[in-house]
Amino acid sequence: MRDIAVFSGTAHPDLAAEICAQLGVPLHPSRVSRFANDCLEVQLQANCRERDVFLIQPLVPPVQEHLVELLLMIDAARGASAARITVVLPHYAYARSDKKDAPRISIGGRLVADLLTAAGADRVLAMTLHSPQVHGFFSVPVDHLHALRELAAHFRRRDLSNTVVVSPDLGNAKAAAAFARMLGTPVAAGAKQRFSDDVVKISAVIGDVRDRDVIVLDDEIAKGSTVMELMEHLRALEARSIRLACTHGLFSGDALRRLSAQEGVLEIVCTNTVPIPAEKRVPGLEVLSVAPALAEAMRRIHVGESVSALFG
């Protein structure tokens, strides 16, 4: 593909390399250095002038470091006279800060969107934002992908005759219903109330899960507190087996080990929007690649084809 330049930050270079392999283009090098006063400097080490530049950087821990690195990459591309700058955000961590649910708190999802635009981003390619309203925080075009097709393709290989898809909360019920339609299964949802980042209460499960094989679908799993609470209810309701599925497998701390040790959990499935270190991986973990979907979306953006047609 001519006149395209793809760069990666340090957050997830393996995913960037896989995307470039799908596109058949090189992953151009970039250099990140740190001054004695702890400030970062970024250099894009390939020509950007009048080229369609794609910057791949999920916001994963350390989130603030990777965010500043991304802002500097955008600024470097703008200063190098890039024709267009597309930020590829496989995971937008600040999407969870999407509303003012307590006095005098910031709405980080909107602020960081403004920062990306101010730095010079012309458009954003994102994967499974935490909530629909985050799309509207950006003042530049946003192509919003989801990983339901990849997850559905994985589970279709199993016998789904006695399966139900369960959303941990009503906010994710729309995505869970779409996923259930893909699989041809019924759907259920938990009635959840969140008290803090790691304290949640599920009062009930709406739908029939008794003696069913359950697929719990969420957009991301971090500490796993919501899923752990949900699984207690599923076991009390005599679900036959449990499989966990999400797009963003953050799995902070020892969440993966604790989840895999839960009674009845047969499998944990996520995608590679977020890097999962080898030392964190456990038996029964399946990581699906979204590189083909991101690469195809980037190709369509570059040549001016519809991205939404991917989900038609």
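The legends below describe close-up views of a predicted model.

**View 1. Strand β1 and its surroundings.** Strand β1 spans residues 4–8. Because 5 of its 5 residues are buried, β1 is largely enclosed by the rest of the structure. The side chains alternate: I4, V6 and S8 point one way from the strand, while A5 and F7 point the other way. Residues on both sides are buried.

**View 2. Pairing of β1 with β5 and β2.** Strand β5 covers residues 52–56 and pairs with β1 in the parallel sense over 5 bridges. Within this pair, S8 stands opposite I56 of β5. Strand β2, residues 27–28, also pairs with β1 in the parallel sense, here over 2 bridges. V6 of β1 stands opposite L27 of β2.

**View 3. The connection from β1 to β2.** Helix α1 is formed by residues 13–23. Together, β1, α1 and β2 make a β-α-β unit, and the unit is right-handed.

**View 4. The largest nonpolar core.** This core has 34 residues, of which I74, Y92 and F138 touch the most other members. Two or more residues each come from β1, β4 (40–44), β5, α2 (63–79), β6 (84–89), α3 (108–119) and β7 (123–127). Helix α2 gives the largest share, 7 residues.

**View 5. Contacts of I74.** Apart from its neighbours within four places in sequence, I74 is in contact with L55, I85, V87, L116, A119, G120 and A121.

**View 6. A second core.** Separate from the largest core is another of 28 residues. Among its members are I221, L234, V265 and L285. In soluble globular proteins, nonpolar side chains tend to be buried together.

Methods
Residues are numbered from 1 along each chain as its sequence is written. This is a predicted model: local features need pLDDT of at least 70, side-chain atom pairs count only at pLDDT 80 or more; totals for chains, interfaces and linings use all residues. Side-chain values use heavy atoms; hydrogens and water are left out. Buried means under 20% relative accessible area, exposed over 50%, partly exposed in between (1.4 Å probe, protein chains only). Helices (H or I, at least four residues) and strands (E, at least two) are DSSP runs, numbered from the N terminus. Two strands pair if DSSP finds at least two bridges between them. A crossover is right-handed if, with the strands pointing away from the viewer, the path from the first strand over the helix to the second runs clockwise. A nonpolar core is a set of buried Ala, Val, Leu, Ile, Met, Phe, Trp, Tyr and Cys residues joined through side-chain atoms within 4.5 Å. Contact means heavy atoms within 4.5 Å.
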